[in-house]
Amino acid sequence: MPKDYSKLIRKLISLDSKKVDKYFHSLHKKEFDKINCLECANCCKTLGPLLTDKDISRLSKHLKLKSSVFVEKYLRIDEDNDYVFKSMPCPFLQADNYCLVYDFRPKACKDYPHTDRKNILGILDICIKNTEICPAVENIFKELDTKNCI
Ligand code: SF4
Ligand code: SF4
């Protein structure tokens, strides 16, 4: 059962957007200074990133495949009409949780879990969903909620 953050959310949306960003960015840094993503890889195991045309072109080139072959081999179109991986865990996730295409990975992978983005209030619903996927996001919300630091 996901934790109920409704009280915290009400408080956050009553605040200035820049102030909310400041809280999140500082806690994001604190969490990612201590967390080892290689011991987790939950995002790569469960969430499919969307792939832009640029991502497809960069990855195809790196893998020495034609874009059309790359698409055929690895991707499908989802209900939002975006390219996503055909199956999860991600086909490029290795047994030791390293990403086989790390330097060429999709932008969505680089940006995940988005808690260092500008205008967090605009993606609050996504962040709340991510509390169930990403332990760093869960800790950010727990800290904001339990320590009453805002
Ligand atoms: S789910 Fe979060 S902590 Fe886990 S690997 Fe992804 S970004 Fe890192
Ligand atoms: S491309 Fe790499 S970073 Fe992105 S989901 Fe796959 S394994 Fe994870």
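The following conversation goes through the predicted model of a protein with two ligands.

Trainee: What should I know about the model before starting?
Mentor: It is a predicted model, in which local features need pLDDT of at least 70 and side-chain atom pairs count only at pLDDT 80 or more, while totals for chains, interfaces and linings use all residues. Residues are numbered from 1 along each chain as its sequence is written, and ligands are numbered from 1 in the order in which they are written.

Trainee: How many helices and strands does the protein have?
Mentor: The protein has 8 helices and 3 strands. Helices (H or I, at least four residues) and strands (E, at least two) are DSSP runs, numbered from the N terminus. The order of the elements from that end is α-α-α-β-α-α-β-β-α-α-α.

Trainee: And which domains are there?
Mentor: There are domain 1 (6-42 + 113-146) and domain 2 (48-104), with bounds that come from an automatic or database domain assignment. Their C-alpha centres lie 26 Å apart.

Trainee: Which residues touch the most other members of the largest nonpolar core?
Mentor: They are Phe 24, Leu 75, Val 84, Phe 85, Val 137 and Ile 140, out of 23 residues in that core. A nonpolar core is a set of buried Ala, Val, Leu, Ile, Met, Phe, Trp, Tyr and Cys residues joined through C-beta atoms within 7 Å. Buried means that 20 or more other C-beta atoms lie within 10 Å of the residue's own, with C-beta atoms placed from the backbone.

Trainee: Which helix gives the most to this core?
Mentor: That is α8, with 4 residues. The core draws at least three residues from each of domain 1 and domain 2.

Trainee: Changing topic, which residues are around ligand 1?
Mentor: Among them are Cys 37, Cys 40, Cys 43 and Cys 134; a residue counts as near a molecule if its C-beta atom, placed from the backbone, lies within 6 Å of it. Both α3 (42-46) and α8 (135-146) supply at least two residues of this shell.

Trainee: How many charged residues does that shell have?
Mentor: The shell around ligand 1 has no charged residues, with 11 nonpolar and 1 polar. Here Ala, Val, Leu, Ile, Met, Phe, Trp, Tyr, Cys and Pro count as nonpolar, Asp, Glu, Lys and Arg as charged, and the others, Gly among them, as polar.

Trainee: What surrounds ligand 2, then?
Mentor: Its surroundings include Cys 44, Cys 90, Cys 99, Cys 109 and Arg 105. By class, the shell around ligand 2 has 9 nonpolar, no polar and 1 charged residues.

How values were computed:
A residue is buried if 20 or more other C-beta atoms lie within 10 Å of its own, exposed if 12 or fewer, and partly exposed in between; C-beta atoms are placed from the backbone.
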